[in-house]
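Take a moment to turn the structure around on your screen. We will start with a single residue and then step back to look at the whole protein.

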Amino acid sequence: MTKPRKELWGGVIEFGDLEPGKYTATAEAWNLGENILEGSGSIEITVRAGETTDCNIAMILEGQTAYYSKYMILTNDPNVKKLYNYTTMQEISIEDFTLGGASYNPVEDREGKIYYIIDVTLHRNGELLSQIDTSNLIKNPLYYDSKTDSLWLASFDSGMSFVNFSVFENPSAATSNPNPYKISYEDSFPGITSCQAFAVKEDNIYIAYNNSNILLAKKNTYISNTEATITLSNITPALSGEVTDMAVLEDGTVAVLVRSIGVTSETKVFDYTVLNDKDTVYSRGALVLLSSDLSKVEKVLGWTDSPRTISATGEDTENSVKEWTSIEAYIPEYEERGTHFYGPVKIVAIRPKELVIADCGANFVLPDYDGKKNGKIYAHNRLMTVNLRNFAIGCKKEFSESELKFHNLTISGGIEATSSSPYYGNYVDEK
């Protein structure tokens with residue numbers, strides 16, 4: 001039984017004619033304009049025959065002060081950035097600027113202004129903000145810290161031995177060519193050779209390096225010490241692949257995306273990769289939630305830990321066909337597609353107690369020789385939501401490849417039996 005009320009103040013909500021027994025009373029406060037769950041609370045009550053039972057429910061309205069994304073910035077392969085409205089899931093435009101082919105990863109501040117890099121310049125909503133050195137930027141060089149209202153830009157030094165940060169304070173109000181302050185991290189301890197992503201919250205700096213390691217350092221003018229490190233393979237279950245994105249949530253939890261995708265390799269997308277019979281193929285991923293000091297793994301969500309065998313069906317002794325028998329696949333079962341990842345690439349929206357994640361990967365079917373049907377790679381480009389209250393995973397939207405594709409997912413030569421009749425145009429259904 002539910003009874004909504006639109007007032008922003010407390011009051012009495014009555015439920016009559018309840019059967020005696022134990023109940024859980026739950027209250028939620030929603031900002032319907034932004035579709036944000038501001039807060040919730042619950043209490044256990046016992047209803048007795050012939051008696052009236054009262055209860056009070058207190059809520060902390062988290063959404064009132066929490067940072068949340070107003071937009072979702074999605075990348076259409078090869079590198080076209082598009083803005084989408086979170087609620088309507090429609091592509092939108094903002095007056096006076098377009099992201100277009102903006103390099104690297106645009107970020108959004110708490111006022112809804114967007115920062116992005118074009119050539120050697122940093123822009124804010126169509127306005128040139130600063131000239132920057134882009135010669136040694138890391139893979140995802142921009143990050144916005146909502147707690148300190150600061151925009152961070154990360155790059156290697158010319159010798160690739162230090163990670164340097166340029167920090168723009170109060171960027172939404174900054175005039176042209178603001179003067180950022182500099183921070184350098186000397187990586188002699190972990191031996192950083194590549195840096196996929198980083199995240200910041202106040203004095204904590206988190207760096208994902210060498211595909212599968214994360215370190216925590218404290219913010220100083222010059223950093224040469226590491227507070228803590230964690231490696232994907234040491235997490236239970238053991239994770240592999242590479243870190244693709246990171247974010248620090250309102251409560252200090254560190255959210256990390258891990259992607260494992262490729263043929264015989266876990267760090268390459270299916271970009272005209274060759275797949276052979278008996279190969280091992282990967283298309284999986286996880287959201288990992290870590291404590292702020294990296295001492296505890298809070299949750300591992302959406303990971304496919306065990307392989308499955310994808311087999312061809314029957315045989316064809318009448319036609320000239322390519323013979324497939326089976327492949328080993330670290331890919332979610334078809335029935336798990338709503339609760340597991342195919343290959344998460346980006347956290348595209350942070351909402352109060354919810355993340356929206358761009359997920360890109362593929363499922364495979366091999367030929368059905370009895371039914372004269374070809375095998376096929378089924379690409380999945382979708383937005384997945386993670387509820388941070390109950391850790392449920394759901395699909396917000398799946399795009400057709402004609403609408404949007406985050407990466408090109410193509411197997412060179414395909415996985416067909418033949419392009420000739422009677423197989424031509426006939427494919428096994430996804431399963």
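## Serine 260 up close

Serine 260 has a relative accessibility of 0%. Buried means under 20%, so serine 260 counts as buried. You can find serine 260 in strand β20, which runs over residues 254–263.

Keep in mind as you look that this is a predicted model.

## The company it keeps

Which residues does serine 260 touch, leaving out those up to four places away in sequence? They are Ser240, Gly241, Glu266, Tyr282, Ser283, Arg284 and Trp303.

Glutamate 266 deserves a second look: its side chain and that of serine 260 are joined by a polar contact of 2.6 Å.

## Stepping back to the whole protein

Now zoom out. The protein has 30 strands and zero helices, and strand β20, the home of serine 260, is one of those strands. The C-alpha trace spans about 75 × 70 × 45 Å along its principal axes.

How much of the protein counts as buried? The figure is 49% of its 431 residues, and serine 260 is itself a buried residue. Take the contacts between residues at least 6 apart in sequence: 55% of them join residues at least 24 apart.

## Surface and charge

The accessible surface of the protein comes to about 20,700 Å². Carbon and sulfur atoms account for 45% of that surface.

Finally, look at the charges: there are 38 positive and 59 negative ones. The mean position of the positive charges and that of the negative charges lie 2 Å apart.

Notes. Residues numbered from 1 in each chain as written. Predicted model: local features only at pLDDT ≥ 70, side-chain atom pairs only at ≥ 80, totals over all residues. Heavy atoms only, no water. Helix = DSSP H or I, 4+ residues; strand = E, 2+ residues; numbered from the N terminus. Buried < 20%, exposed > 50% of the residue type's maximum accessible area, 1.4 Å probe, protein only. Polar contact = N/O pair within 3.5 Å; in protein donor to acceptor, adjacent residues only side chain to side chain. Contact = heavy atoms within 4.5 Å. Areas by Shrake-Rupley, 256 points an atom, 1.4 Å probe, with all protein chains shown as cover. Lys, Arg positive; Asp, Glu negative; His and termini not counted. Charge placed at Lys NZ, Arg CZ, Asp CG, Glu CD.
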